[in-house]
Amino acid sequence: MAISPPLGLAWKMRIEQWDPADEKTVRGCYDVMLAAHKADEPVEPPMSYGLFSLRLRQGFEMTPGETWAAFDEDGTVAGYYRIGLPDLENLDKAYGGPTVDPAKRRRGIGRELLRHEGTRARAHARTLFSGHATAGTGGDAFAQAVGARLDLEEVRRIQYLREITPETIASLRATAEKAAAGYSLVSWEGPIPDEYCAPMAEVFNAFNDAPHGENEEPEIWDAQRIRERTGISLRAGLLRGHSVAAIADATGEIAGFSEVIVNPEHPQWGYQQLTAVIRPHRGHRLGLLVKTAMLDLLATAEPQIEQIVTGNAAANEHMIAVNEQLGYHVVDPGWRYYEIPVADIR
């Protein structure tokens, strides 16, 4: 399927759905992503090509969707979007937003891609559209210009490992261990082992207590969903993952959990993933325990890591307090999540 731009655009383009067998187009989309990243992201390195390609094909956590690209008259990719179409919860929502080559911005490409994305959202009976942007960038201004509502703000925090001594980590871990009598630690590399899939589902469900968007329906996890929809990038060898879990000795429940992933193309960076403690076991410093145990593990498993980055909603006071104990710094810019009714995308 292809469309032409409306009258008034000073350039010719076509928008076509990407065929996953078309390697040339995904390369073109990746080049656009790299250029946009260079313009808009002053802190972290870009996503690797392999991970980008996998996300276009399978989405995050295997969320169904479609990828569409805007081509210049000479066949160059000028912009693209991947619209995510959740199939388990949030069936009224679509996720995405256009990415446009910075050299070709302010020509109407972003708005035309967004209009097209709105058409695809309506075709899938979605009524709400959500996307995110780095604060203070062109994408942030674009979201405001099209009338999207600010739904959630997330603050970037970075832990520079050179600033936290082994003695400080040991002291914090000892403090946590005193409060966490009756819990034992386990760790693993890579995807969640099969024997932990069922208890880990409860940990994922515990994350529903964290701040979310106003209209966001909680995700409900079970063992099968854990097996099928987590660890995709790890199994593909595109990322390395390290996990630490606190198990309640009396019940065998996984009471607390933390994961850090590493991109082999940028191994000096660690990326904090889920950290959560299930409700019946809160108040035992388990968040601090698993995160200090993670630092000890990484010192051996990934000694080249220089910093670990995470994001916290401004309202997530408990996790912010834990991260501040561990020496995380607020590093601007953060991220803003927007929402707009599909009917308002014009």
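Start with the side chain of Gln272 in this predicted model: one of its polar atoms lies 2.9 Å from the backbone oxygen of Glu259. The side chain of Gln272 also makes a polar contact with the side chain of Ser258, again listed at 2.9 Å. You will find Gln272 in strand E12, which covers residues 269–277. Is Gln272 buried or exposed? Its relative accessibility is 11%, and buried means under 20%, so Gln272 counts as buried. Leaving aside neighbours within four places in sequence, Gln272 is in contact with several residues, including Val260, Lys291, Ile308 and Tyr328.

Some of these names come back when we look for enclosed empty space. Rolling a probe the size of a water molecule over the atoms shows where such space is left. How many cavities of 30 Å³ or more are there? The count comes to one, and the volume of this largest cavity is about 40 Å³. Gln272 and Ser258 both help to line it, along with Gln159, Lys291, Met294, Leu295, Ile308, Leu326 and Tyr328. By class, that lining has five nonpolar residues, three polar ones and one charged one. Helix H9 gives the largest share of the lining, three residues.

Now let your eye move to the nonpolar core. In soluble globular proteins, nonpolar side chains tend to be buried together. Here the largest nonpolar core has 27 residues, and among those with the most contacts inside it are Tyr183, Leu295, Ile308 and Leu326. Elements that give two or more residues to this core include helix H5 (166–179), strands E10 (240–248) and E11 (254–262), and helix H9 (286–301). The largest share, eight residues, comes from H9. Leu326 is worth finding on screen: beyond its neighbours within four places in sequence, Leu326 is in contact with Gln159, Ile164, Leu172, Leu288, Lys291, Thr292 and Leu295. There is also a second, separate core of 22 residues, with Ala70, Ala78, Ala94 and Ile340 among them.

Finally, follow H9 to an open space, the second largest pocket. About 200 Å³ of space lies in this pocket. Which helix supplies the largest share of its lining? That is H9, with four residues, while H5 and H9 each supply at least two. The lining includes Ile164, Ile169, Leu295, Leu298 and Glu302. By class, ten of the lining residues are nonpolar, two are charged and none is polar. Notice Leu295 once more: this residue lines the pocket, lines the largest cavity and belongs to the largest nonpolar core.

Conventions. Residues are numbered from 1 along each chain as its sequence is written. This is a predicted model: local features need pLDDT of at least 70, side-chain atom pairs count only at pLDDT 80 or more; totals for chains, interfaces and linings use all residues. Side-chain values use heavy atoms; hydrogens and water are left out. A nonpolar core is a set of buried Ala, Val, Leu, Ile, Met, Phe, Trp, Tyr and Cys residues joined through side-chain atoms within 4.5 Å. Buried means under 20% relative accessible area, exposed over 50%, partly exposed in between (1.4 Å probe, protein chains only). Contact means heavy atoms within 4.5 Å. On a 1 Å grid over the protein atoms alone, a cavity is a set of points where a 1.4 Å probe fits but cannot get out, and a pocket is an open set with protein on both sides within 12 Å along at least five of seven lines; lining residues have an atom within 4 Å of a point. Grid points are joined across faces, edges and corners, and a volume is the space filled by probe spheres set on the points. Ala, Val, Leu, Ile, Met, Phe, Trp, Tyr, Cys and Pro count as nonpolar, Asp, Glu, Lys and Arg as charged, and the others, Gly among them, as polar. A polar contact is a pair of N or O atoms within 3.5 Å; within protein, one must be able to donate a hydrogen and the other to accept it, and residues adjacent in sequence count only if both atoms are side-chain atoms.
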